[in-house]
Amino acid sequence: MNQKIPLSWLQLTREKTRLAVALAGISFADILMFMQLGFRDALYYSNVRFHNSLQGDIVLINSQSSAVLAMRSFSQRRLYKALELPAVQSVHPIYLDFTIWKNPITGRPRSILIFGMNPETNILNLPGVQENLDKLKLPDVVLFDRSSRVEYGPIAASYSQGKTVTAEVRRRRIKVEGLFTLGASFGADGNLITSDINFLRIFSNRQKGLIDIGLIRLKPGADAQVVAQELRQYLPKEVNVLTKQEFIDFERNYWANSTAIGFIFTLGTVMGFIVGTVIVYQILYTEVADHLAEYATLKAIGYTQNYLLTVILQEALLLAILGYFPGIFFALFMYQSARDATLLPVFMSFDRAVMVLILTMLMCIISGAIAVRKLRSADPADIF
């Protein structure tokens, strides 16, 4: 075994240029897979940060709602009816809708997502919300998401400097009296939080009592799955009853299965795998073809076909490992650049790093397994 690894290494390093091209190709394939998987996971994570922040156990939505982007309202009477169950502690209606925000500096309009809730109780576990709840009781006051895109204007910076910050939202003048942190997503570039009363002032066409999300908190010790099942039997079918985790999965499934974005990122990962497989195959096939006489000599002096196959597969694994590290380092740089440019949560995770490493090794092994078929033609009788 000790002689096999050096032979594999010597085979690879004999042609330095060819080795460099092979490693560059594998690194490129890894970078492509890292970026596609990174954007896909950022898509899922960014679009469920609001869902994760909800401080409740069960969520009610209209059965015709498909995602936060496409919510249908329902009567809050359905939500308050849930109080009749003994396991329910409290209920909290939430309004949400998209509207136009005008940059106070440039006047350019941009779509923004607004959440309206009762400021008496904090139902969002987000930095900056709890300490600013009382301010939302004032007319035409909102909290601005400091992680919104820069196209909305220097709102966070101006507020932090003590300046009075006002803007026009849906042709209504509002005042920013606090900052919170949620973050941009593929669905919304910016976010506002206000009271339910201020929300209805902004959306004057919305009817009071027709809410978008109903949040239910259960008493300590209550089982969310059991209570959710009771509510499904107790409430009309027009209301979709979900546990908090089911609500998160509901949103993720929408982006994964009902939009082209999730499919595109998955397809990009598959394409990266195929590109890497083809590159490694071409390198290994050329390597075998150039040393066919040497392999025939090894066969003539007694080395078996399995030994030669092992050498090729070892070369494939060496290429996988050597090409992986430049790929992951460059991917980290690209993740940082993507975060700065889009404000999306594009981060490296341990699971993704391991997944791409396994895919890289599998990619190279498949290439090696295909390339070794050339060894069958390494017959000493034909060569000599």
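A residue is called buried here when its relative accessible area is under 20%. With that cut-off in hand, strand β5 of this predicted model makes a good place to start. The strand spans residues 141-145, and 5 of its 5 residues are buried, so β5 is largely enclosed by the rest of the structure. In a regular strand, side chains point alternately to the two faces of the sheet. Both faces of β5 turn out to be covered, with V141, L143 and D145 buried on one side and V142 and F144 buried on the other.

The pairing of β5 comes next. Strand β7 (residues 172-180) is a parallel partner, joined to β5 over 4 bridges, and in this pairing F144 lies opposite L179 of β7. Strand β8 (residues 191-195) runs antiparallel to β5 and is connected to it by 3 bridges; there, V142 has T194 as its bridge partner.

F144 also leads into the packing of the interior. The residue is among those with the most contacts inside the largest nonpolar core, a group of 38 residues, alongside I58, L60, W101, V176, I216 and L231. Strand β3 (residues 88-102) gives the most to this core, contributing 4 residues. A second, separate core holds 31 residues, including F34, A42, L284 and V346.

Finally, an unreviewed UniProt entry annotates residues 20-39, 260-285, 306-333 and 353-372 as "transmembrane region". Two of these segments can be described from the model. Residues 260-285 are 100% helix and 0% strand, with 37 Å between the end C-alpha atoms. Residues 353-372 are 95% helix and 0% strand, and their end C-alpha atoms lie 29 Å apart.

Note on methods
Residues numbered from 1 in each chain as written. Predicted model: local features only at pLDDT ≥ 70, side-chain atom pairs only at ≥ 80, totals over all residues. Heavy atoms only, no water. UniProt positions renumbered as here; feature names shortened; annotations may be inferred. Helix = DSSP H or I, 4+ residues; strand = E, 2+ residues; numbered from the N terminus. Buried < 20%, exposed > 50% of the residue type's maximum accessible area, 1.4 Å probe, protein only. Pairing = 2+ DSSP bridges. Core = buried A, V, L, I, M, F, W, Y, C linked by side-chain atoms within 4.5 Å.
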